[in-house]
Amino acid sequence: MRSYFAAIFGMFLVVCSMASGQNDEPFKKVLRREGDDGSKSYRIPALTVSPQGTLVACFDIRWQGTQDLPADIDVGVMRSSDGGQTWGPMIIAMDYDRRLPNAMGNGVGDPAIVADRRTGHLFIAALWSQGNNGWHGSGPGLSPEETGQLVLSRSVDDGLTWDTPRSITPQIKQPAWKLCFQGPGAGVQLEDGTLLFAAQFQDQLRKPSSCFIYSHDSGQNWQISPAAIPGQPPTSEAQLVQVSPKVLLMTMRNESRQKQRLWSYWRWQSQISDGTWDEHWQDVRDPVCMAGLTIHPSGTLLLSHNDSKRRERLTIRTSQDQGKTWSHGRLLDGRLTAYSCLAVLPDGDIGILYEVGDKDSVETLTFARFPLDWALQPP
């Protein structure tokens with residue numbers, strides 16, 4: 001997947017990381033607490049590095065409480081130009097008028113973010129629920145009054161300001177489906193410039209399936225893949241990475257309550273739209289939750305997930321064989337944890353934004369960073 005020079009650079013980063021020693025413990029910093037800027041809750045982390053090297057985090061601003069859509073929810077952004085040591089103020093990137101009659105908060109949330117390295121632009125994908133059009137209430141059709149909308153917002157100034165969101169629902173959703181929206185988490189850009197977001201849809205019987213959406217023209221037009229698993233078990237929130245020139249690896253939330261993640265490869269010969277899914281498999285314990293997935297320039301895959309039967313014990317695992325097998329992992333945070341999102345930083349370290357708390361519910365969004373060697377060490 002990588003050019004020769006990128007591969008050499010990746011090997012250099014690994015050597016430097018190993019030389020730094022095995023005692024490097026992750027740096028951690030709380031970005032959002034309940035009550036910050038008047039919001040009662042923050043959830044659903046997404047994270048990327050811009051083409052200018054800025055670390056850009058986005059998340060749900062859940063103004064009235066922890067509940068999912070429909071609710072009064074906006075999408076927030078924070079930026080760091082020093083690798084996560086310090087962060088600027090919160091920016092509201094997506095916001096619909098909650099005063100609209102019968103809008104039930106008119107919320108937008110569950111963000112995913114991707115950087116377009118051809119144009120320098122950033123894109124956030126999110127679900128807009130005008131009225132009761134969240135996970136449970138959304139219905140068939142294409143309009144905002146009928147169904148939840150997959151909306152995109154673009155930044156052309158490194159995440160400082162964001163365009164008015166536009167809906168791409170008519171481009172990707174079948175009218176009979178109940179709902180179609182993004183990951184959440186981090187999007188991917190292929191070597192040819194194609195932008196991708198992991199996605200999910202509920203069919204006419206409300207069965208959920210993981211898939212992905214993609215754009216060949218820097219976010220103007222979008223297409224959708226088939227379901228990764230067209231039958232059983234049901235899947236929902238997913239993340240994906242490109243593991244070789246014409247292969248994607250997807251990890252999926254398993255809605256069958258079997259407490260293991262689901263996996264599949266998407267392979268193609270000429271164009272990504274001509275690809276097919278491999279037979280799926282189950283691996284890695286998981287408590288029915290979203291997880292983070294990324295690939296280091298060295299080729300090492302990293303997975304962040306809750307290594308438990310409930311949402312706790314956020315663990316970092318690595319794979320050297322394109323996700324076929326995973327290490328036992330290293331414990332990043334032993335408290336109550338939930339969603340997480342990974343990104344490779346400009347110096348080769350790994351950044352992660354995750355939900356964590358000490359009581360009966362998740363309380364904060366915390367950023368952590370660590371060298372690759374920390375993740376590669378035995379537990």
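In β11, the residue that serves as bridge partner to Ile 113 is Ala 186, and I should say at once that we are looking at a predicted model. That bridge belongs to the pairing between strand β6, residues 107–115, and β11, which run in the parallel sense and are joined over two bridges.

If we step back to the sheet, we find an open arrangement of five strands in the order β9-β8-β7-β6-β11, with mixed pairing. Because β9 (166–167) and β11 (185–186) stand at the edges and each has a single partner strand, one side of each is left without a neighbour in the sheet.

Let me move to strand β8, residues 149–155, where Ser 155 is found. Is Ser 155 buried or exposed? Its relative accessibility is 0%, and since buried means under 20%, Ser 155 counts as buried. The side chain of Ser 155 reaches the backbone nitrogen of Gly 159 at 2.8 Å, and a polar atom of that side chain lies 2.9 Å from the backbone oxygen of Thr 161. Leaving aside residues up to four places away in sequence, Ser 155 touches His 121, Leu 122, Leu 160, Thr 161 and Trp 162.

Finally, the second largest pocket, which has a volume of about 370 Å³. Of the 18 residues that line this pocket, Asp 68, Asp 110, Trp 135, Glu 237 and Tyr 339 are the closest to its centre. The lining divides into eight charged, six nonpolar and four polar residues, and β2 (41–49) and β16 (235–244) each supply at least two of the lining residues.

Notes:
Residues are numbered from 1 along each chain as its sequence is written. This is a predicted model: local features need pLDDT of at least 70, side-chain atom pairs count only at pLDDT 80 or more; totals for chains, interfaces and linings use all residues. Side-chain values use heavy atoms; hydrogens and water are left out. On a 1 Å grid over the protein atoms alone, a cavity is a set of points where a 1.4 Å probe fits but cannot get out, and a pocket is an open set with protein on both sides within 12 Å along at least five of seven lines; lining residues have an atom within 4 Å of a point. Grid points are joined across faces, edges and corners, and a volume is the space filled by probe spheres set on the points. Helices (H or I, at least four residues) and strands (E, at least two) are DSSP runs, numbered from the N terminus. Ala, Val, Leu, Ile, Met, Phe, Trp, Tyr, Cys and Pro count as nonpolar, Asp, Glu, Lys and Arg as charged, and the others, Gly among them, as polar. Two strands pair if DSSP finds at least two bridges between them. Buried means under 20% relative accessible area, exposed over 50%, partly exposed in between (1.4 Å probe, protein chains only). A polar contact is a pair of N or O atoms within 3.5 Å; within protein, one must be able to donate a hydrogen and the other to accept it, and residues adjacent in sequence count only if both atoms are side-chain atoms. Contact means heavy atoms within 4.5 Å.
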